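Q: I have a model open and would like to learn how to read it, feature by feature. Can we take it slowly?

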Amino acid sequence: MDMFEHHSEEQRKQDAPLAVRMRPINFDAFVGQEHIIGKGRVLRRSIEAGRIPSIVLWGPPGSGKTTLAYIIANMTDSHFSPVSAVSAGVADLRRLIEEAKEHRSLYQKRTILFIDEIHRFNKAQQDAILPYVEDGTVTLIGATTENPSFEVTSPLLSRAQVMNLNSLTENEVRVIVMRALRDNLNGLGTYNVQLAAEALEHLIRMSKGDARVALNALEIAVLTTPSNAQGKRRVSLNIIEDALQRRATLYDKEGDQHYDAISALHKSMRGSDPDAALYWLAKMLEFGEDPLYIVRRMVRFASEDVGMADPQALVITMAAQQAVHFIGMPECNLALAEAAVYLATAPKSNSLYESYSRVQAEIRKGSDDSVPLHLRNAVTPLMKEKGYGEGYKYAHDYPEHFVEQKNLPISLQGKKFYSPSDQGYEKHVVNRLKNWWQGKKDTDSTEENSETGEKD
(Lines give C-alpha, C1' and ligand atoms only; values in the text may rest on other atoms or scores of the structure.)
Protein backbone atom coordinates (compact mmCIF):
# COMPACT_ATOMS: atom_id res chain seq x y z
CA MET A 1 0.00 0.00 0.00
CA ASP A 2 1.54 3.34 -1.09
CA MET A 3 1.20 6.64 0.79
CA PHE A 4 -1.87 7.73 -1.19
CA GLU A 5 -3.65 4.42 -0.59
CA HIS A 6 -2.75 4.54 3.10
CA HIS A 7 -4.19 8.07 3.42
CA SER A 8 -7.38 7.01 1.61
CA GLU A 9 -7.77 4.02 3.89
CA GLU A 10 -7.34 6.15 7.01
CA GLN A 11 -9.84 8.69 5.70
CA ARG A 12 -12.34 5.92 4.96
CA LYS A 13 -12.02 4.66 8.54
CA GLN A 14 -12.63 8.13 9.94
CA ASP A 15 -15.71 8.59 7.73
CA ALA A 16 -17.15 5.23 8.72
CA PRO A 17 -20.02 5.01 11.23
CA LEU A 18 -19.13 4.71 14.89
CA ALA A 19 -20.18 1.04 14.92
CA VAL A 20 -17.57 0.31 12.25
CA ARG A 21 -14.83 2.45 13.83
CA MET A 22 -15.30 0.75 17.19
CA ARG A 23 -15.05 -2.74 15.71
CA PRO A 24 -12.51 -4.70 17.83
CA ILE A 25 -9.56 -6.44 16.18
CA ASN A 26 -9.10 -9.37 18.58
CA PHE A 27 -11.09 -11.66 20.83
CA ASP A 28 -10.01 -9.94 24.04
CA ALA A 29 -11.70 -6.69 22.93
CA PHE A 30 -14.83 -8.44 21.68
CA VAL A 31 -17.88 -8.16 23.95
CA GLY A 32 -20.32 -11.05 24.27
CA GLN A 33 -20.67 -14.54 22.77
CA GLU A 34 -18.53 -16.12 25.47
CA HIS A 35 -20.09 -19.50 24.67
CA ILE A 36 -18.32 -19.36 21.29
CA ILE A 37 -15.13 -17.32 21.65
CA GLY A 38 -14.52 -17.31 25.41
CA LYS A 39 -11.08 -18.39 26.58
CA GLY A 40 -10.65 -22.12 26.17
CA ARG A 41 -13.50 -22.53 23.71
CA VAL A 42 -12.84 -24.77 20.72
CA LEU A 43 -13.33 -22.11 18.03
CA ARG A 44 -11.05 -19.64 19.77
CA ARG A 45 -8.33 -22.25 20.33
CA SER A 46 -8.58 -23.34 16.71
CA ILE A 47 -8.22 -19.81 15.35
CA GLU A 48 -5.41 -18.91 17.75
CA ALA A 49 -3.64 -21.99 16.45
CA GLY A 50 -4.06 -20.75 12.88
CA ARG A 51 -6.67 -23.33 11.87
CA ILE A 52 -9.79 -21.77 10.41
CA PRO A 53 -12.85 -23.93 9.81
CA SER A 54 -15.59 -22.81 7.47
CA ILE A 55 -18.39 -21.52 9.67
CA VAL A 56 -21.88 -20.07 9.45
CA LEU A 57 -22.60 -17.42 12.08
CA TRP A 58 -26.31 -17.43 12.86
CA GLY A 59 -27.67 -14.70 15.09
CA PRO A 60 -29.76 -11.53 15.36
CA PRO A 61 -28.61 -8.17 13.93
CA GLY A 62 -25.91 -6.40 15.92
CA SER A 63 -24.72 -9.52 17.73
CA GLY A 64 -21.23 -9.38 16.21
CA LYS A 65 -21.27 -11.68 13.16
CA THR A 66 -19.38 -9.34 10.82
CA THR A 67 -17.01 -8.29 13.59
CA LEU A 68 -16.12 -11.89 14.35
CA ALA A 69 -15.34 -12.48 10.69
CA TYR A 70 -12.99 -9.47 10.64
CA ILE A 71 -11.30 -10.62 13.85
CA ILE A 72 -10.73 -14.11 12.47
CA ALA A 73 -9.20 -12.70 9.29
CA ASN A 74 -7.01 -10.28 11.27
CA MET A 75 -5.77 -12.87 13.76
CA THR A 76 -4.89 -15.39 11.05
CA ASP A 77 -3.37 -12.83 8.64
CA SER A 78 -5.80 -13.93 5.94
CA HIS A 79 -6.93 -12.08 2.84
CA PHE A 80 -10.48 -10.90 3.60
CA SER A 81 -13.03 -10.91 0.79
CA PRO A 82 -16.39 -9.59 2.01
CA VAL A 83 -19.46 -9.81 -0.19
CA SER A 84 -23.13 -9.11 0.39
CA ALA A 85 -25.56 -11.75 -0.84
CA VAL A 86 -28.07 -8.97 -1.49
CA SER A 87 -26.12 -7.54 -4.42
CA ALA A 88 -23.57 -10.18 -5.48
CA GLY A 89 -24.08 -12.71 -8.25
CA VAL A 90 -22.28 -15.80 -9.53
CA ALA A 91 -19.92 -13.63 -11.62
CA ASP A 92 -18.81 -11.75 -8.48
CA LEU A 93 -18.16 -15.03 -6.69
CA ARG A 94 -16.04 -16.34 -9.57
CA ARG A 95 -13.99 -13.14 -9.52
CA LEU A 96 -13.37 -13.51 -5.77
CA ILE A 97 -12.39 -17.15 -6.27
CA GLU A 98 -9.79 -16.10 -8.87
CA GLU A 99 -8.47 -13.46 -6.48
CA ALA A 100 -8.19 -16.12 -3.77
CA LYS A 101 -6.16 -18.35 -6.07
CA GLU A 102 -3.90 -15.39 -6.88
CA HIS A 103 -3.32 -14.53 -3.22
CA ARG A 104 -2.43 -18.13 -2.47
CA SER A 105 -0.08 -18.35 -5.45
CA LEU A 106 1.68 -14.96 -5.12
CA TYR A 107 1.55 -14.25 -1.39
CA GLN A 108 0.91 -17.68 0.19
CA LYS A 109 -2.14 -16.19 1.90
CA ARG A 110 -5.37 -17.97 2.52
CA THR A 111 -8.63 -16.17 1.73
CA ILE A 112 -11.64 -15.84 3.95
CA LEU A 113 -14.74 -15.42 1.83
CA PHE A 114 -17.22 -13.60 4.05
CA ILE A 115 -20.79 -13.73 2.73
CA ASP A 116 -23.11 -11.44 4.62
CA GLU A 117 -26.78 -12.46 4.59
CA ILE A 118 -25.89 -15.80 3.02
CA HIS A 119 -29.52 -16.88 3.33
CA ARG A 120 -30.28 -14.60 0.37
CA PHE A 121 -28.10 -16.66 -1.97
CA ASN A 122 -30.09 -19.09 -4.10
CA LYS A 123 -29.07 -22.71 -4.65
CA ALA A 124 -27.09 -21.95 -7.82
CA GLN A 125 -25.06 -19.27 -6.07
CA GLN A 126 -24.34 -21.52 -3.10
CA ASP A 127 -23.41 -24.39 -5.41
CA ALA A 128 -20.98 -22.10 -7.25
CA ILE A 129 -18.72 -21.73 -4.21
CA LEU A 130 -19.10 -25.29 -2.91
CA PRO A 131 -16.12 -26.84 -4.79
CA TYR A 132 -13.78 -24.06 -3.64
CA VAL A 133 -14.84 -24.41 -0.02
CA GLU A 134 -14.32 -28.14 -0.30
CA ASP A 135 -10.82 -27.94 -1.83
CA GLY A 136 -9.70 -25.14 0.51
CA THR A 137 -9.36 -22.39 -2.09
CA VAL A 138 -11.43 -20.25 0.27
CA THR A 139 -12.53 -20.54 3.87
CA LEU A 140 -16.18 -19.63 4.08
CA ILE A 141 -17.65 -17.49 6.83
CA GLY A 142 -21.34 -16.92 6.27
CA ALA A 143 -23.53 -14.61 8.33
CA THR A 144 -27.28 -15.00 8.58
CA THR A 145 -30.21 -13.94 10.72
CA GLU A 146 -32.28 -16.86 9.41
CA ASN A 147 -32.16 -20.51 10.39
CA PRO A 148 -29.40 -22.01 8.19
CA SER A 149 -31.13 -25.39 8.31
CA PHE A 150 -33.72 -23.94 5.95
CA GLU A 151 -31.72 -21.31 4.07
CA VAL A 152 -28.30 -22.91 3.40
CA THR A 153 -28.03 -25.92 1.12
CA SER A 154 -27.23 -29.25 2.76
CA PRO A 155 -23.92 -29.81 0.87
CA LEU A 156 -22.61 -26.39 1.92
CA LEU A 157 -23.95 -26.73 5.45
CA SER A 158 -22.23 -30.10 5.86
CA ARG A 159 -18.87 -28.45 5.19
CA ALA A 160 -19.30 -25.68 7.74
CA GLN A 161 -19.83 -25.43 11.47
CA VAL A 162 -22.90 -23.49 12.54
CA MET A 163 -22.25 -21.08 15.39
CA ASN A 164 -25.34 -19.67 17.11
CA LEU A 165 -24.88 -16.09 18.38
CA ASN A 166 -27.15 -14.57 21.02
CA SER A 167 -28.48 -11.04 21.33
CA LEU A 168 -26.20 -8.99 23.54
CA THR A 169 -27.30 -8.53 27.12
CA GLU A 170 -27.99 -5.05 28.46
CA ASN A 171 -24.74 -5.14 30.45
CA GLU A 172 -22.79 -6.06 27.30
CA VAL A 173 -24.37 -3.19 25.36
CA ARG A 174 -23.53 -0.88 28.25
CA VAL A 175 -19.85 -1.91 28.07
CA ILE A 176 -19.78 -1.19 24.33
CA VAL A 177 -21.46 2.22 24.70
CA MET A 178 -19.19 3.34 27.54
CA ARG A 179 -16.13 2.19 25.63
CA ALA A 180 -17.19 4.34 22.65
CA LEU A 181 -17.70 7.37 24.90
CA ARG A 182 -14.19 7.07 26.31
CA ASP A 183 -12.27 6.17 23.13
CA ASN A 184 -10.35 9.21 21.86
CA LEU A 185 -9.07 7.58 18.67
CA ASN A 186 -12.04 5.83 17.09
CA GLY A 187 -14.85 6.74 19.47
CA LEU A 188 -16.42 9.89 20.89
CA GLY A 189 -13.92 10.60 23.64
CA THR A 190 -12.82 13.93 22.19
CA TYR A 191 -16.38 15.32 22.28
CA ASN A 192 -16.46 15.51 26.09
CA VAL A 193 -19.90 13.87 26.26
CA GLN A 194 -22.08 13.90 29.37
CA LEU A 195 -24.75 11.26 28.82
CA ALA A 196 -27.64 11.48 31.28
CA ALA A 197 -28.21 8.30 33.28
CA GLU A 198 -31.81 7.92 32.08
CA ALA A 199 -30.66 8.52 28.50
CA LEU A 200 -28.06 5.76 28.80
CA GLU A 201 -30.60 3.30 30.19
CA HIS A 202 -33.11 4.15 27.48
CA LEU A 203 -30.47 3.73 24.78
CA ILE A 204 -29.48 0.34 26.16
CA ARG A 205 -33.04 -0.85 26.61
CA MET A 206 -34.25 0.26 23.18
CA SER A 207 -31.28 -1.22 21.34
CA LYS A 208 -32.70 -4.66 22.18
CA GLY A 209 -29.29 -6.30 22.26
CA ASP A 210 -28.18 -4.74 18.95
CA ALA A 211 -24.83 -2.99 19.41
CA ARG A 212 -25.02 -1.38 15.98
CA VAL A 213 -28.32 0.32 16.81
CA ALA A 214 -26.95 1.58 20.12
CA LEU A 215 -23.73 2.99 18.65
CA ASN A 216 -25.33 4.60 15.61
CA ALA A 217 -28.02 6.29 17.71
CA LEU A 218 -25.38 7.45 20.20
CA GLU A 219 -23.28 8.97 17.43
CA ILE A 220 -26.26 10.86 15.97
CA ALA A 221 -27.20 12.15 19.42
CA VAL A 222 -23.67 13.39 20.18
CA LEU A 223 -22.99 14.97 16.79
CA THR A 224 -26.28 16.87 16.83
CA THR A 225 -25.80 18.18 20.38
CA PRO A 226 -23.89 21.49 20.54
CA SER A 227 -21.24 22.08 23.17
CA ASN A 228 -22.08 24.35 26.10
CA ALA A 229 -19.93 27.14 27.48
CA GLN A 230 -17.76 24.61 29.31
CA GLY A 231 -17.15 22.66 26.08
CA LYS A 232 -19.34 19.71 27.15
CA ARG A 233 -22.08 18.02 25.17
CA ARG A 234 -24.95 17.14 27.48
CA VAL A 235 -27.01 14.38 25.89
CA SER A 236 -30.43 14.15 27.51
CA LEU A 237 -33.15 11.50 27.35
CA ASN A 238 -35.08 13.57 24.81
CA ILE A 239 -32.09 13.72 22.49
CA ILE A 240 -31.57 9.94 22.70
CA GLU A 241 -35.26 9.34 22.06
CA ASP A 242 -35.10 11.59 19.03
CA ALA A 243 -31.98 9.84 17.74
CA LEU A 244 -33.51 6.40 18.14
CA GLN A 245 -36.91 7.35 16.69
CA ARG A 246 -38.94 4.15 16.32
CA ARG A 247 -36.68 1.19 15.90
CA ALA A 248 -37.32 -0.75 12.71
CA THR A 249 -39.02 -4.02 13.47
CA LEU A 250 -37.17 -7.29 13.06
CA TYR A 251 -40.43 -9.10 12.40
CA ASP A 252 -40.39 -10.91 9.07
CA LYS A 253 -43.67 -12.46 8.00
CA GLU A 254 -41.80 -15.06 5.95
CA GLY A 255 -38.83 -15.67 8.21
CA ASP A 256 -37.93 -17.07 11.62
CA GLN A 257 -39.77 -14.27 13.46
CA HIS A 258 -43.03 -15.42 11.85
CA TYR A 259 -42.64 -18.98 13.13
CA ASP A 260 -41.11 -18.01 16.46
CA ALA A 261 -43.96 -15.61 17.28
CA ILE A 262 -46.76 -18.05 16.45
CA SER A 263 -44.93 -20.71 18.46
CA ALA A 264 -44.76 -18.28 21.40
CA LEU A 265 -48.48 -17.55 21.11
CA HIS A 266 -49.35 -21.25 21.00
CA LYS A 267 -47.15 -22.09 23.98
CA SER A 268 -48.39 -19.09 25.99
CA MET A 269 -52.00 -20.18 25.52
CA ARG A 270 -51.05 -23.76 26.38
CA GLY A 271 -49.29 -22.44 29.47
CA SER A 272 -52.49 -20.62 30.54
CA ASP A 273 -50.78 -17.21 30.41
CA PRO A 274 -53.30 -14.68 29.01
CA ASP A 275 -50.86 -11.75 29.32
CA ALA A 276 -48.20 -13.42 27.18
CA ALA A 277 -50.85 -14.68 24.75
CA LEU A 278 -52.13 -11.11 24.26
CA TYR A 279 -48.58 -9.78 23.81
CA TRP A 280 -47.59 -12.25 21.07
CA LEU A 281 -50.94 -11.87 19.36
CA ALA A 282 -50.64 -8.07 19.34
CA LYS A 283 -47.03 -8.18 18.14
CA MET A 284 -47.99 -10.26 15.13
CA LEU A 285 -51.05 -8.17 14.29
CA GLU A 286 -49.29 -4.81 14.73
CA PHE A 287 -46.42 -5.95 12.51
CA GLY A 288 -48.79 -6.94 9.72
CA GLU A 289 -49.25 -10.68 10.20
CA ASP A 290 -52.19 -12.22 8.34
CA PRO A 291 -55.00 -12.54 10.95
CA LEU A 292 -56.37 -15.58 9.10
CA TYR A 293 -53.08 -17.37 9.67
CA ILE A 294 -53.31 -16.62 13.40
CA VAL A 295 -56.92 -17.68 13.79
CA ARG A 296 -56.29 -20.93 11.89
CA ARG A 297 -53.71 -21.79 14.52
CA MET A 298 -56.17 -20.85 17.27
CA VAL A 299 -58.82 -23.17 15.83
CA ARG A 300 -56.29 -25.99 15.83
CA PHE A 301 -55.29 -25.10 19.39
CA ALA A 302 -58.93 -25.23 20.54
CA SER A 303 -59.12 -28.88 19.50
CA GLU A 304 -55.56 -29.94 20.24
CA ASP A 305 -54.86 -28.31 23.60
CA VAL A 306 -58.29 -27.51 25.07
CA GLY A 307 -60.40 -30.13 23.41
CA MET A 308 -63.11 -31.78 25.49
CA ALA A 309 -62.02 -29.95 28.63
CA ASP A 310 -64.04 -27.03 27.22
CA PRO A 311 -65.86 -27.77 23.95
CA GLN A 312 -66.98 -24.13 23.86
CA ALA A 313 -63.38 -23.15 22.96
CA LEU A 314 -63.88 -24.36 19.40
CA VAL A 315 -67.10 -22.35 19.14
CA ILE A 316 -65.34 -19.18 20.35
CA THR A 317 -62.43 -19.56 17.93
CA MET A 318 -64.71 -20.27 14.98
CA ALA A 319 -66.63 -17.12 15.89
CA ALA A 320 -63.31 -15.23 15.85
CA GLN A 321 -62.59 -16.71 12.44
CA GLN A 322 -65.92 -15.39 11.20
CA ALA A 323 -65.13 -11.95 12.66
CA VAL A 324 -61.83 -11.90 10.75
CA HIS A 325 -63.70 -12.61 7.51
CA PHE A 326 -66.59 -10.28 8.28
CA ILE A 327 -64.86 -7.09 9.47
CA GLY A 328 -61.13 -7.68 8.87
CA MET A 329 -58.28 -5.72 10.42
CA PRO A 330 -57.99 -3.65 12.49
CA GLU A 331 -61.54 -4.15 13.82
CA CYS A 332 -61.17 -7.91 14.25
CA ASN A 333 -58.24 -7.51 16.65
CA LEU A 334 -60.48 -7.61 19.73
CA ALA A 335 -62.28 -10.74 18.53
CA LEU A 336 -58.88 -12.41 18.21
CA ALA A 337 -57.84 -11.05 21.62
CA GLU A 338 -61.04 -12.47 23.15
CA ALA A 339 -60.33 -15.86 21.61
CA ALA A 340 -56.68 -15.81 22.76
CA VAL A 341 -57.66 -14.97 26.34
CA TYR A 342 -60.45 -17.56 26.34
CA LEU A 343 -58.07 -20.26 25.10
CA ALA A 344 -55.37 -19.26 27.58
CA THR A 345 -57.76 -19.35 30.53
CA ALA A 346 -59.68 -22.47 29.50
CA PRO A 347 -58.97 -25.84 31.15
CA LYS A 348 -56.57 -27.88 29.04
CA SER A 349 -56.74 -31.41 27.71
CA ASN A 350 -54.88 -33.04 24.84
CA SER A 351 -56.87 -36.27 25.12
CA LEU A 352 -58.44 -35.76 21.68
CA TYR A 353 -55.02 -35.24 20.12
CA GLU A 354 -53.59 -38.31 21.83
CA SER A 355 -56.68 -40.41 21.05
CA TYR A 356 -56.66 -39.55 17.38
CA SER A 357 -52.92 -40.25 17.20
CA ARG A 358 -53.52 -43.73 18.62
CA VAL A 359 -56.26 -44.44 16.08
CA GLN A 360 -54.07 -43.02 13.31
CA ALA A 361 -51.20 -45.32 14.33
CA GLU A 362 -53.54 -48.31 14.39
CA ILE A 363 -54.79 -47.61 10.88
CA ARG A 364 -51.28 -47.01 9.53
CA LYS A 365 -50.20 -50.37 10.94
CA GLY A 366 -52.57 -51.92 8.42
CA SER A 367 -55.81 -52.19 10.35
CA ASP A 368 -58.52 -52.34 7.70
CA ASP A 369 -61.24 -54.48 9.22
CA SER A 370 -64.69 -54.60 7.72
CA VAL A 371 -67.61 -52.97 9.46
CA PRO A 372 -69.35 -55.57 11.70
CA LEU A 373 -72.56 -56.83 10.12
CA HIS A 374 -74.83 -55.59 12.90
CA LEU A 375 -73.68 -52.00 12.26
CA ARG A 376 -74.49 -52.11 8.55
CA ASN A 377 -77.78 -50.90 7.10
CA ALA A 378 -79.83 -53.51 5.27
CA VAL A 379 -81.12 -51.32 2.47
CA THR A 380 -81.93 -54.22 0.12
CA PRO A 381 -83.48 -57.66 0.69
CA LEU A 382 -80.18 -59.31 -0.26
CA MET A 383 -78.33 -57.34 2.42
CA LYS A 384 -80.92 -58.37 5.00
CA GLU A 385 -80.53 -61.96 3.88
CA LYS A 386 -76.77 -61.68 4.36
CA GLY A 387 -77.26 -60.57 7.98
CA TYR A 388 -76.80 -56.82 7.62
CA GLY A 389 -78.18 -55.03 10.70
CA GLU A 390 -78.97 -58.27 12.50
CA GLY A 391 -78.68 -57.93 16.27
CA TYR A 392 -78.24 -54.16 16.24
CA LYS A 393 -79.49 -52.52 19.44
CA TYR A 394 -81.17 -49.13 19.02
CA ALA A 395 -79.88 -47.03 21.94
CA HIS A 396 -83.00 -44.88 22.28
CA ASP A 397 -85.06 -47.95 23.16
CA TYR A 398 -83.03 -48.52 26.34
CA PRO A 399 -83.02 -46.77 29.73
CA GLU A 400 -80.99 -43.53 29.64
CA HIS A 401 -80.67 -44.09 25.88
CA PHE A 402 -77.67 -46.38 26.27
CA VAL A 403 -77.02 -50.03 25.59
CA GLU A 404 -73.73 -51.86 25.61
CA GLN A 405 -72.77 -53.42 22.31
CA LYS A 406 -69.60 -53.99 20.27
CA ASN A 407 -68.95 -51.20 17.74
CA LEU A 408 -65.27 -51.72 16.86
CA PRO A 409 -64.03 -54.22 14.26
CA ILE A 410 -63.53 -57.74 15.59
CA SER A 411 -59.73 -57.45 15.72
CA LEU A 412 -59.97 -54.32 17.88
CA GLN A 413 -62.61 -55.47 20.36
CA GLY A 414 -61.79 -54.08 23.81
CA LYS A 415 -59.27 -51.55 22.45
CA LYS A 416 -59.31 -48.15 24.19
CA PHE A 417 -58.34 -45.09 22.17
CA TYR A 418 -60.00 -42.23 24.03
CA SER A 419 -58.71 -41.58 27.55
CA PRO A 420 -60.43 -38.46 28.90
CA SER A 421 -58.63 -36.22 31.35
CA ASP A 422 -60.01 -34.93 34.65
CA GLN A 423 -60.05 -31.32 33.46
CA GLY A 424 -63.10 -29.06 33.06
CA TYR A 425 -66.05 -30.48 31.16
CA GLU A 426 -64.13 -33.71 30.56
CA LYS A 427 -64.61 -34.63 34.23
CA HIS A 428 -68.30 -35.10 33.42
CA VAL A 429 -67.40 -37.16 30.37
CA VAL A 430 -65.34 -39.50 32.55
CA ASN A 431 -68.22 -40.02 34.95
CA ARG A 432 -70.71 -40.52 32.15
CA LEU A 433 -68.57 -43.14 30.41
CA LYS A 434 -67.99 -44.98 33.68
CA ASN A 435 -71.70 -44.95 34.40
CA TRP A 436 -72.52 -46.32 30.95
CA TRP A 437 -69.78 -48.86 30.37
CA GLN A 438 -68.95 -50.01 33.90
CA GLY A 439 -72.12 -49.39 35.94
CA LYS A 440 -74.70 -50.94 33.63
CA LYS A 441 -75.21 -54.41 32.19
CA ASP A 442 -77.90 -55.34 29.78
CA THR A 443 -80.49 -57.82 31.05
CA ASP A 444 -81.99 -60.49 28.91
CA SER A 445 -85.45 -59.06 29.47
CA THR A 446 -84.39 -55.62 28.24
CA GLU A 447 -82.87 -57.14 25.14
CA GLU A 448 -86.07 -59.07 24.42
CA ASN A 449 -88.19 -55.93 24.71
CA SER A 450 -85.89 -53.86 22.49
CA GLU A 451 -86.21 -55.62 19.14
CA THR A 452 -86.82 -52.66 16.85
CA GLY A 453 -86.22 -53.96 13.38
CA GLU A 454 -84.02 -51.88 11.09
CA LYS A 455 -83.56 -48.62 12.98
CA ASP A 456 -80.27 -46.79 12.16
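**Reading the model**

A: Sure, let's start with one residue: Ala69 sits in helix 5 (residues 65–75). Helices here are DSSP runs of H or I with at least four residues, strands are runs of E with at least two, and both are numbered from the N terminus. Before going on, note that this is a predicted model, where local features need pLDDT of at least 70, side-chain atom pairs count only at pLDDT 80 or more, and totals for chains, interfaces and linings use all residues. Residues are numbered from 1 along each chain as its sequence is written, and side-chain values use heavy atoms, with hydrogens and water left out.

Q: Is Ala69 buried or exposed?
A: The general idea is a cut-off on relative accessible area: buried is under 20%, exposed is over 50%, and partly exposed is in between, using a 1.4 Å probe and protein chains only. Ala69 has a relative accessible area of 0%, so it is buried.

Q: Which residues is Ala69 in contact with, leaving aside neighbours within four places in sequence?
A: Contact means heavy atoms within 4.5 Å. By that rule Ala69 meets Phe80, Phe114 and Ile141, once its neighbours within four places are set aside. For a sense of distance, take Arg358: it is 289 residues from Ala69 along the chain, and their C-alpha atoms are separated by 50 Å.

Q: What about helix 8: is Pro148 buried or exposed?
A: Pro148 belongs to helix 8 (residues 148–151), and with a relative accessible area of 2% it is buried. Beyond four places in sequence, Pro148 is in contact with Val56, Trp58, Leu157 and Val162. Ala197, on the other hand, is 49 residues from Pro148 in sequence and 39 Å from it in space, C-alpha to C-alpha.

Q: And how does Glu151 sit, with what relative accessible area?
A: Glu151 is also placed in helix 8. Its relative accessible area is 31%, so Glu151 counts as partly exposed. Not counting residues up to four places away, Glu151 touches His119, Gln126 and Glu146. The C-alpha atoms of Glu151 and His119 are separated by 5.0 Å, although the two are 32 residues apart along the chain.

Q: How do I check the length of helix 14, and what span should it have?
A: Take 1.5 Å times one less than the number of residues. Helix 14 (residues 256–270) has 15 residues, so it should span 21 Å, and its end C-alpha atoms are indeed 21 Å apart.

Q: Which elements do the buried residues of helix 14 pack against?
A: The buried set includes Asp256, His258, Ala261, Ile262 and Leu265. Together, the buried residues of helix 14 pack against strand 1 (55–58), helix 15 (274–286), helix 16 (291–306) and helix 18. Just past the end of helix 14, Ser272 takes a positive phi of about 55°.

Q: Where does Glu117 lie, given its positive phi?
A: Glu117 is not a glycine, yet its phi is positive at about 55°. You'll find Glu117 in the loop between strand 3 (111–116) and helix 7 (123–134). With a relative accessible area of 24%, Glu117 is partly exposed. Asn192 is another non-glycine with a positive phi of about 55°. Asn192 is in the loop between helix 10 (170–182) and strand 6 (193–195), and it is partly exposed, at 36% relative accessible area.

Q: Which peptide bond is cis?
A: Look at omega: from Met329 to Pro330 it is near 0°, so the bond is cis by definition. Pro330 is in the loop between helix 17 (312–327) and helix 18 (333–345).

Q: Zooming out, how many helices and strands does the protein have?
A: The secondary structure comes to 22 helices and seven strands. Of the 456 residues, 40% count as buried.

Q: What is the radius of gyration of the protein?
A: It is taken over C-alpha atoms, and the globule rule is 2.2 Å times the number of residues to the power 0.38. The protein has 33 Å, while a compact globule of 456 residues would have a value near 23 Å. Along the principal axes, the C-alpha atoms fill a box of roughly 110 × 60 × 45 Å.
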